[in-house]
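Trainee: Could we sit down with this one and go through how its parts fit together? I'd like to ask a few things as we go.

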Amino acid sequence: MQKKTDLSKAQYCLISCTDCNALVSVGLLEKNQSANCPRCHKVLQSTTGWSLKRCAIIALAILILMPFALGYPLLTIDLLGTPINASVWQGVWKMATQGYPYTAFMIFLCAVFMPISFALLIILLRLSQRLKIKPRNLLLTLNYLKPWVMFDVYLVALGVTMFKVREYASLHIDSYLIAFIFTALLTTLLFIKVNPTELWNNFYPQEKPLQQKNHSIAVCKYCEYTFSHSNADKKQRPICPRCSLRLDLANEVYLQRTWATLLAGIVMIIPANLLPMSIVYVNGVATEDTLMSGVLTFIDLGSYFVAFIVFMASIFVPISKILIMCYLLFSVHFRWQHSIHLQMRLLHFVHFVGRWSMLDLFVLALMMSLVTRGQIIDFSVGPAAFYFGATVFLTMISTSQFDSRLLWNIYDKQKIR
């Protein structure tokens with residue numbers, strides 16, 4: 001806990017950690033306090049988030065700015081005497097209509113649909129609060145949707161694109177870029193300040209806090225609710241009394257889901273690195289760039305910082321995610337007794353960096369709308385783009401399906417011995 005509380009005098013409740021299964025006594029929290037698990041340091045309860053009223057105001061501002069940020073030109077280049085504009089929507093549309101609809105759909109999902117849906121969800125939750133409605137489905141959707149909001153990644157991709165197009169033409173920044181930057185900053189701020197667990201506790205508070213340890217205490221990994229008695233669905237399967245999701249899925253099911261999506265990601269990453277990511281035609285002569293050759297191009301131009309960002313997002317992060325997930329899965333299957341805190345840090349790392357791999361696809365979408373001038377100079381997405389996007393999606397899903405409590409079970413058995 002960030003601030004000490006006298007649990008002997010204050011009311012307290014038992015909370016089971018969804019990361020390590022520790023049962024922790026947590027007292028009443030004051031404003032801007034948080035209670036952390038003493039074993040794995042996961043935040044169990046927090047009052048540091050903003051009120052729904054304030055978050056809804058920010059979400060409304062995002063929706064007002066969104067048409068200007070997505071539909072209007074952000075950059076303009078003077079190519080062969082002709083001004084060409086680039087916008088988020090234009091890049092997605094050109095990619096979809098020029099033979100790459102699946103890649104365009106992945107970009108549309110993360111850069112357009114998810115940020116708008118995220119802002120709308122916050123407003124709907126505020127309306128539910130005002131109307132005293134229990135928004136179970138909205139909260140579940142928020143849990144699934146939040147990791148896919150990537151407007152901040154698109155902002156960094158915009159900076160990388162500005163460096164990349166300088167080798168083809170002079171670049172001008174449009175005034176609508178201000179709206180895009182403000183939208184990205186507000187979305188990131190909302191992303192940080194919205195705490196799904198705190199929202200669950202506000203809408204569905206525990207009527208009788210658990211204060212005695214017993215063998216029947218369980219926790220739902222979806223809404224992080226600790227309870228002693230579960231409900232049953234129509235087929236008499238145990239479900240969470242708060243979010244109504246199933247509780248009887250075996251650990252093997254989560255391991256199978258993790259392995260299936262991870263192996264599919266490994267298959268996809270091979271053509272993503274070997275095939276060309278982008279193709280530039282100058283006077284009919286094609287120049288193909290793979291992921292690695294794109295990094296080397298920035299190094300040749302002297303843009304070492306941009307080369308570092310692209311290398312980290314496009315090569316280091318996807319490969320390191322796959323290696324780390326393989327290590328964690330092997331640790332579970334072969335019961336490797338390694339440092340549990342190192343394993344948890346690795347898992348938190350792949351959770352944090354996974355979304356940043358979409359940077360390269362966002363750069364391609366912007367380049368599609370900027371550099372397309374027929375036979376003199378033309379820019380096209382390479383076949384590796386789809387495989388790379390599929391790798392990012394599959395590895396993110398794989399990470400979300402992995403249950404860290406499997407690692408802690410091995411650690412606990414080791415301590416008993």
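What follows is a chat about the domains, their contact and the salt bridges.

Trainee: Where does domain 1 sit along the chain?

Mentor: Keep in mind that this is a predicted model. The chain is split into three domains, with domain 2 covering 51-204 and domain 3 covering 246-416. Domain 1 comes in two pieces, 12-48 + 209-239.

Trainee: How much area is buried between domain 2 and domain 3?

Mentor: Their C-alpha centres are 21 Å apart. Domain 2 puts 40 residues into the contact and domain 3 puts in 38. Carbon and sulfur atoms give 80% of the buried area, and the total is about 3,800 Å².

Trainee: Which residues form the salt bridge across that interface?

Mentor: The rule finds one salt bridge between domain 2 and domain 3, alongside three residue pairs in polar contact. A salt bridge needs a Lys or Arg nitrogen within 4 Å of a carboxyl oxygen. Here the closest N and O atoms are 3.0 Å apart, so the pair qualifies: Arg-355 and Asp-152.

Trainee: Which element gives the largest share of the side of domain 2 that touches domain 3?

Mentor: Several elements give two or more residues to that side, among them β5 (75-79), α2 (88-97) and α3 (101-131). By class, that side has 27 nonpolar, eight polar and five charged residues. The largest share, ten residues, comes from α5.

Trainee: How far apart are the end C-alpha atoms of residues 145-163?

Mentor: An unreviewed UniProt entry lists 145-163 as a "transmembrane region", and 55-75 is also on its list. For comparison, residues 55-75 are 81% helix and 5% strand, with end C-alpha atoms 30 Å apart. Residues 145-163 are 74% helix and 0% strand, and their end C-alpha atoms are separated by 31 Å.

Trainee: How many residues apart in the chain are Glu-224 and Lys-42?

Mentor: The model has six salt bridges by the rule, and Glu-224 with Lys-42 is a salt bridge at 3.2 Å, N to O. Glu-224 is in the loop between β8 (218-219) and β9 (226-227), while Lys-42 is in the loop between β3 (34-36) and β4 (43-46). The pair links distant parts of the chain, with a separation of 182 residues.

Technical notes. Residues are numbered from 1 along each chain as its sequence is written. This is a predicted model: local features need pLDDT of at least 70, side-chain atom pairs count only at pLDDT 80 or more; totals for chains, interfaces and linings use all residues. Side-chain values use heavy atoms; hydrogens and water are left out. Domain bounds come from an automatic or database domain assignment. Contact means heavy atoms within 4.5 Å. Buried area is the accessible area (1.4 Å probe) that two parts lose on being put together, summed over both. A salt bridge is a side-chain nitrogen of Lys or Arg within 4 Å of a carboxyl oxygen of Asp or Glu. A polar contact is a pair of N or O atoms within 3.5 Å; within protein, one must be able to donate a hydrogen and the other to accept it, and residues adjacent in sequence count only if both atoms are side-chain atoms. Helices (H or I, at least four residues) and strands (E, at least two) are DSSP runs, numbered from the N terminus. Ala, Val, Leu, Ile, Met, Phe, Trp, Tyr, Cys and Pro count as nonpolar, Asp, Glu, Lys and Arg as charged, and the others, Gly among them, as polar. UniProt positions are given in the numbering used here, feature names are shortened, and annotations may be inferred rather than shown by experiment.
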